Amino acid sequence: MPKSETKKYAVIIPHYDDVLRLRTCLEALCVADLGDVDVVVVDNGSPQGLSEIIASFQMVRFLTEPLKGAANARNRGVSETNAPYLFFLDSDCVVADDWLALAKSVVLQDGIIGGRIDVFDETAPPRSGSQAFEAVFGFDQRSYIQDKGFSVTANLLTSRKVFKDVGPFRHGVSEDLDWCIRAGAKGYKLLYEDRLCVGHPSRGNWRDLTRKWRRLTAESFGLIGVGAKARVGWALRALMMPVSILVHAPKVLRCKKLSTSEKARGLGTLAAIRMSRMIWM
């Protein structure tokens, strides 16, 4: 599909085989005025057909990227738009009513902005162990941005000028962390905007949670570099995983969103996922 007419903003959404959540995402997004916005969904070749959702959202452009991975899908979305400002969103996210209007008002020509991500459950209480874990540790964008220097791409704003200078996302690593580090090295400032909010569903079961953390562990390994020193550092991080259970347990116990039984399940999941990560690493 050729590029659309030039619009001022582009919302780029990678997608793979999650049509129900994609529909919810687009329903929330398309309530806003899209007159100056190019909304682009880049599908990674989902086995589930998209014909019904394409028919339902004729104001949205749908592209197919054969190279697997969200990084490749996002890069394709950037290349297929002309907009000077780029808004990155995930297909399982639900934007707040004022998200698009606020994004337009705060986006910078020479900077990067990451917004808040609130975790929500798609099932009725009580929370499972995985949901309790996600309620505490799912997304802490403020800490990611202010302490670690990166924003996840589920709620990230920048300009085409910055993106072109930093370069595309890299597949096979933690592309949000890698891209933001490269941007920082070029002098671009990353800011946190708490008002810019999207919701993200919690991982409801152990299978989905371990799939997430296996992927993140593998992507983190791709960023450690080469050489004996890097490998030793990685091994030491692995050996510290049991210690991190004790360090982070108080966060679960202090979480006001969790009941007593949910805290107990959350602590069990914390221990299980950290021990699993030690083995994977």
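A disulfide is a pair of cysteine sulfur atoms within 2.5 Å. Keep that cut-off handy, since the tour begins with cysteines. A search of the whole structure turns up 0 disulfides.

Before you click: this is a predicted model, where local features need pLDDT of at least 70, side-chain atom pairs count only at pLDDT 80 or more, and totals for chains, interfaces and linings use all residues. Residues are numbered from 1 along each chain as its sequence is written, and side-chain values use heavy atoms, leaving out hydrogens and water.

**Stop one: the cysteines.** Select cysteine 25. The nearest cysteine sulfur, that of cysteine 93, sits 6.9 Å away, and cysteine 25 is in no disulfide. Cysteine 25 is also buried, at a relative accessible area of 0% (buried means under 20% relative accessible area, exposed over 50%, partly exposed in between, using a 1.4 Å probe and protein chains only).

Now pick cysteine 30. Why no bond here? Its closest cysteine sulfur, in cysteine 25, is 8.4 Å off, which is too far. Cysteine 30 counts as buried too, with 18% relative accessibility.

**Stop two: serine 46.** Jump to the loop between β2 (37-43) and α2 (51-56), and you'll find serine 46 there (helices, H or I, are DSSP runs of at least four residues and strands, E, of at least two, numbered from the N terminus). Serine 46 is buried, with a relative accessible area of 13%.

Show its neighbours: leaving aside residues up to four places away in sequence, serine 46 touches His15, Tyr16 and Asp17 (contact means heavy atoms within 4.5 Å). Zoom in on the side chain of serine 46, which reaches the backbone nitrogen of aspartate 17 at 2.6 Å.

Technical notes:
A polar contact is a pair of N or O atoms within 3.5 Å; within protein, one must be able to donate a hydrogen and the other to accept it, and residues adjacent in sequence count only if both atoms are side-chain atoms.
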